[in-house]
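User: Please go through the salt bridges, cavities, sheet pairing and backbone outliers of this entry. Short reasoning with each answer is enough.

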Amino acid sequence: MNARMPSSALNTAQALEQVSQKWDNDIVGQLKDYIAIPAKSPMFAPDWEQQGLLDTVLRNAASWVQAQQVPGLKLEIVRMPGRTPVLFFEVEGTQPGANAADANTVLMYGHLDKQPEFEGWRSDLGPWTPKYEDGKLYGRGGADDGYAVYASVAAVQALKSQNVLHPRIVGIIETAEESGSRDLLPYVDALRPRLGNVDLVICLDSGAGNYDQLWLTTSLRGMASGTLKVEILTEGIHSGDASGVVPSSFRIMRQVLDRLEDSATGRMLPASFHCEVPAERLAQARATAAILGEETYRRFPWAHHDCGGSTLVALPTTTDPVQALLKRTWEPTLSVTGAEGFPTLQNAGNVLRPYTAFKLSLRLPPLVDAATCVQEMKALLEDNAPYQAKVTWEGMSSSSGWNAPDMTPWFENALNQASRAHFGADCGYIGQGGTIPLMNLLSQGFPKAQMMVCGVLGPKSNAHGPNEFLHVPYAKKLTAAVAQVIAAMPVTHPAQATTEAGTDSASA
């Protein structure tokens, strides 16, 4: 038991030193064990329940949290039949009135499921082979975002070690985020009475513009994924015999996709897929562009080749930093992320293939409704198919994007103070091109809550792709910053705030 008197202020240097030691002596090792387990999300492992790997990583995390013996922390693994399990923990508040029914609560979020392996890993690396090198922990899932539960509890430990007064804290760690958080809503509904009055959400599943300051995510794109399939034959036919009479399924695929996207520019054609960028987000994009400059597009691993003695490097869609930020956050884009119906190059004979199938990933602006877009896509892609081919669109998952609520003065001030204390620079603001389905759900359920959406996915960290890494020095500072923001959260809970506001009005 800490004998020191309770304090309302956190010693930031001491907090960073403590969490750094925790990362070096414990968390890095825990994450190495986590990375070695191929706990793929249900979308990529339909037999996840039989594999038992999601259960394994969840139990490992739960055992670690319990072993920390954080005062006032209770933990359980919650299960619903047929759904991926979640880890739920709650920590009693130490502020006066912190455990009252209407008191402010902090909700911490993370996930433990992973994306599949993907190809192209460095020869000495692999998705399930953790390697710690130059402050970077390589391997699938460490940064996205297996570290979140460990960093969250380490931040709470930093508060406890200094006996800093803090609000009530709850945590939800799910195991189906990479499948669109399809199991999360039932759990949130079931746990809602225990969540309390959530006034601050801390989600560590996002990214950073650089590793030199704290970054707050201000928006997230929506997403709709599925399979588009074009069938023209029942079996493959000799191309010399059939081509010219039988249209290529690939050519039909191109025509169908032309209804959705201008292939010359990449612009999505349906007007309903676009929205206006809010003035505040546009101003933030300009400020962030001034910080990051050419790194907004140079940070990607562009292909290059020799041409006449000089090296040609592949080009981005824009070299304007502001436009680069907006294109990856506020414009809809289409990506083909998988294909079927193609033999390997080695096995590809002179055969006209019977079908072509693409897995499509459509990223949508934060203010566009994903469900409406999915419905429009089905009609747009399937109706009046060229040559009366069989064209089918089968949606897999969809989630609308998210735009952060306005910041309250205490939250904005806390972010800047935490960033200055641990990075020596003000907090940066950046939209992210990824999707975190939970954020919309929480914004709807807790419309007055502040949203601290941050993460370690900075330049070249490459979540979902090869050589994914977690930048450990940045993660240490982020962990300490989280503790500092929690410590800065106002002690007053809603009932007190209403009473005080009434007293002030009467006095005035």
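**Local contacts and cavities**

User: What is the relative accessible area of K378?

Analyst: K378 counts as partly exposed, a class that runs between the buried limit of 20% and the exposed limit of 50%. The model is a predicted one, so this value is computed from predicted coordinates. For K378 the relative accessible area is 39%.

User: With which residue does E382 form a salt bridge?

Analyst: E382 is itself partly exposed, with a relative accessible area of 22%. Its partner sits four residues away in helix α11 (residues 370-382), about one turn of the helix. The closest N and O atoms of the pair are 2.9 Å apart, and the partner of E382 is K378.

User: What N to O distance is found in the salt bridge of K131 and E133?

Analyst: Both side chains are partly exposed: K131 has 28% relative accessibility, and E133 has 24%. The cut-off for a salt bridge is 4 Å. The K131 and E133 side chains meet that rule with an N to O distance of 3.7 Å.

User: Which residue does the side chain of D124 meet in a salt bridge?

Analyst: D124 is partly exposed at 34% relative accessibility. The partner is also partly exposed, with a relative accessible area of 31%. The N to O distance is 2.7 Å, and the residue that D124 meets is R122.

User: How many salt bridges are counted?

Analyst: The pair D124 and R122 belongs to the count, as does the pair E382 and K378. There is also a network of salt bridges that links E76, E90, R168 and R194. By the rule used, the count comes to 20.

User: Which side chain makes a polar contact with the side chain of D369?

Analyst: D369 lies in the loop between β15 (355-364) and α11, and it is partly exposed at 40% relative accessibility. Its C-alpha atom is separated by 8.1 Å from that of S399, 30 residues apart along the chain. The polar contact of the D369 side chain spans 2.7 Å, and its partner is the side chain of T372.

User: In what order do the three strands form the open sheet?

Analyst: The edge strands are β17 (402-403) and β18 (428-432), each pairing on one side only. Strand β8 (residues 215-220) is joined to β18 by five bridges, and these two run parallel. The sheet as a whole has mixed pairing, and its order is β17-β8-β18.

User: Which residue in β18 does T217 stand opposite?

Analyst: The partner strand β18 runs parallel to β8 (residues 215-220). The residue asked for also appears in the lining of the largest cavity, along with Y429 and G431. Opposite T217 in β18 stands I430.

User: Which element gives the largest share of the lining of the largest cavity?

Analyst: The search finds two cavities of 30 Å³ or more, and about 100 Å³ of space lies in the largest. Elements that give two or more residues to its lining are α8 (279-292), α10 (321-327) and β18. By class the lining has six nonpolar, five polar and one charged residues. The largest share, four residues, comes from α8.

User: How many charged residues are in the lining of the second largest cavity?

Analyst: The second largest cavity holds about 90 Å³ of space. Its lining includes L216, T218, A404, F411 and M451, and among the others are E280, R281 and D406. Besides six nonpolar and three polar residues, the charged residues number three.

User: What is the omega of the cis peptide bond from D144 to D145?

Analyst: D145 is found in helix α4 (residues 142-161). The peptide bond from D144 to D145 is cis, with omega near -25°.

User: Is S181 buried or exposed?

Analyst: S181 is placed in the loop between β6 (168-174) and α5 (184-195). It has a positive phi of about 50° although it is not a glycine. Another residue with a positive phi of about 50° is Q69, which lies in the loop between α3 (53-67) and β1 (73-78) and is exposed at 68% relative accessible area. S181, at 8% relative accessibility, falls under the 20% limit and counts as buried.

Definitions and conventions. Residues are numbered from 1 along each chain as its sequence is written. This is a predicted model: local features need pLDDT of at least 70, side-chain atom pairs count only at pLDDT 80 or more; totals for chains, interfaces and linings use all residues. Side-chain values use heavy atoms; hydrogens and water are left out. Two strands pair if DSSP finds at least two bridges between them. Buried means under 20% relative accessible area, exposed over 50%, partly exposed in between (1.4 Å probe, protein chains only). On a 1 Å grid over the protein atoms alone, a cavity is a set of points where a 1.4 Å probe fits but cannot get out, and a pocket is an open set with protein on both sides within 12 Å along at least five of seven lines; lining residues have an atom within 4 Å of a point. Grid points are joined across faces, edges and corners, and a volume is the space filled by probe spheres set on the points. Ala, Val, Leu, Ile, Met, Phe, Trp, Tyr, Cys and Pro count as nonpolar, Asp, Glu, Lys and Arg as charged, and the others, Gly among them, as polar. A polar contact is a pair of N or O atoms within 3.5 Å; within protein, one must be able to donate a hydrogen and the other to accept it, and residues adjacent in sequence count only if both atoms are side-chain atoms.
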